[in-house]
Amino acid sequence: MGGGGQQTDSGEPAKGGVVGPVGGRGGSAVYTWEEVQRHSHRGDQWLVIDRKVYNITQWVKRHPGGIRVISHFAGEDATDAFVAFHPNPNFVRKFLKPLLIGELAPTEPSQDHGKNAVLVQDFQALRNRVEREGLLCARPLFFSLYLGHILLLEALALGLLWVWGTSWSLTLLCSLMLATSQSQAGWLQHDFGHLSVCKKSSWNHVLHKFVIGHLKGASANWWNHRHFQHHAKPNVLSKDPDVNMLHVFVLGDKQPVEVDLAWSMTFYLRFFCCYYPFFGLFGSVALITFVRFLESHWFVWVTQMNHLPMEIDHERHQDWLTMQLSGTCNIEQSTFNDWFSGHLNFQIEHHLFPTMPRHNYHLVAPLVRTLCEKHGIPYQVKTLKKAIIDVVRSLKKSGDLWLDAYLHK
């Protein structure tokens, strides 16, 4: 990576690079989009941020967000994704300096694959407005109260059995309360996972591990690995794991796996300590299984009603706004819908601004809708009932296609 960045990882000169008047401590070569796009394969990856060309071939292995999410932008302009995923882009840029190999030639457009430059600029102007108006700043009281209501549900579920016993009706009520607390904890870990609560990323990471690990018994690293890919390329086949349905387990460094396992084990230790005296081992396993059954249905319907009925296709190299809107829709706002979905009824705004605290989605929504109307991009808002019906219809359509393919193979 030395010598002005004009060498590949194998030490050979970068093909196509032309020494130009760019200068500076980073790269001193200029490239065309055609040249950048040739480096979009495993073992040879470049990308562009703010017209600067970076060789990320070796960096992807150390990327905190995982190899896949950054690799999905190889050969492309990743400016909007870079800004969207990092609460403090200026801090992150220091890690980019050693990767700089040059910049786009002055005759090259800032966007790849013929993207609409005006649309991209308008969205970036909206992003700047969002930052100026403080819509990326969280209200600590909101999230403190939210965590409080989750812990209260957990305490009430246990207290119910402690005071009134373990009849079938009370056990069912306890299960419903636990399923509710688990679902709400799922939305809260989502907030911390997106670094949208605390000013310091390190605090978000710690609290994310606490909520998803201790309160839910799941893995933060596994969630990060899958979820950021989903945000980077929603509903894009082979890039969005939510539509690929593969890779249940994430293999990584030994230490993160051990830490995640420790957090998860504290959940099960706490659960069995609380409920073993009431139900014994078999009864406690049955209880947590039933709670997971209820919670999983809640989770799947909420998360899929914004995406599954939308377009699912191969990579089309769309701009950030168009890509997110083609694979995402909103559910109409109400107090219940906000609580029931963890504000993911504002899925469009969440995907455009993933680090925005959820209590500000409704404030930016009118601005996003106006921008979409200006550029003729559909901005879909459904009722909760219609969203659920659309999921069923989408699954039926997929089933019919599979059946037809099977019968006529």
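A cavity is a set of grid points where a 1.4 Å probe fits but cannot get out. The structure described here is a predicted model. Four cavities of 30 Å³ or more are counted in it. The second largest has a volume of about 90 Å³. Its lining comprises 13 residues, and P234, V236, R316, Q318 and S326 are the closest to its centre. Three residues of this lining are nonpolar, six are polar and four are charged.

The largest cavity holds about 120 Å³ of space. Its lining is made up of 14 residues, with D77, K115, Q318, D319 and W320 the closest to the centre. Helices α3 (79–85) and α12 (320–326) each supply at least two residues of this lining. Here the division is six nonpolar, two polar and six charged. Q318 appears among the central residues of the largest cavity and also among those of the second largest.

K115, one of the residues closest to the centre of the largest cavity, also takes part in a salt bridge. Its partner is D112, and the closest N and O atoms of the pair are 3.1 Å apart. K115 has a relative accessible area of 15% and is therefore buried, the limit being under 20%. D112 is buried too, with a relative accessible area of 0%.

In total, the structure holds 18 salt bridges. Side chains of opposite charge can pair when their charged atoms come close. K374 pairs with D122, with 2.8 Å between the closest N and O atoms. This salt bridge links distant parts of the chain: K374 belongs to helix α15 (residues 361–374), D122 belongs to helix α5 (residues 117–132), and 252 residues separate them. K374 is exposed, at a relative accessible area of 57%.

R270 and E154 form another salt bridge, at 3.7 Å from N to O. R270 sits in helix α11 (residues 254–304) and E154 in helix α6 (residues 140–164), so the contact ties together parts of the chain that are 116 residues apart in sequence. R270 is partly exposed, with a relative accessible area of 24%. E154 is buried, at 13%. A network of salt bridges links E76, K233, K239 and E315.

The UniProt record, an unreviewed entry, places the feature "transmembrane region" at residues 141–164 and 267–291. In the model, residues 141–164 are 100% helix and 0% strand. The C-alpha atoms at the ends of that segment are 33 Å apart. Residues 267–291 are likewise 100% helix and 0% strand. For this segment, however, the end C-alpha atoms are 14 Å apart.

Strand β6 (residues 100–104) pairs with two strands, β2 and β5. Three bridges join β2 (residues 29–31) to β6, and the two run parallel. Within this pairing, V30 stands opposite E103. Three bridges also join β5 (residues 52–55) to β6, but here the strands run antiparallel. V53 stands opposite G102 in β6. Five of the five residues of β6 are buried, so the strand is largely enclosed by the rest of the structure.

L207 lies in helix α8 (residues 201–215). It is partly exposed, with a relative accessibility of 27%. The C-alpha atoms of L207 and F192 are 6.5 Å apart, with the two residues 15 apart in sequence.

Backbone geometry draws attention to two loop residues. Most residues other than glycine have a negative phi. N235 has a positive phi, near 65°, and is not a glycine. The residue is found in the loop between α9 (220–232) and α10 (241–244). N235 is buried, at 3% relative accessibility. H343 also has a positive phi, of about 65°, without being a glycine. Its place is in the loop between α13 (335–341) and α14 (347–352). With a relative accessibility of 13%, H343 counts as buried.

Key:
Residues numbered from 1 in each chain as written. Predicted model: local features only at pLDDT ≥ 70, side-chain atom pairs only at ≥ 80, totals over all residues. Heavy atoms only, no water. Salt bridge = Lys/Arg side-chain N within 4 Å of Asp/Glu carboxyl O. Buried < 20%, exposed > 50% of the residue type's maximum accessible area, 1.4 Å probe, protein only. Helix = DSSP H or I, 4+ residues; strand = E, 2+ residues; numbered from the N terminus. UniProt positions renumbered as here; feature names shortened; annotations may be inferred. 1 Å grid on protein atoms, 1.4 Å probe; cavity = no way out; pocket = protein on both sides within 12 Å on 5 of 7 lines; lining within 4 Å. Points joined across faces, edges and corners; volume = space filled by probe spheres on them. Nonpolar A, V, L, I, M, F, W, Y, C, P; charged D, E, K, R; others polar. Pairing = 2+ DSSP bridges.
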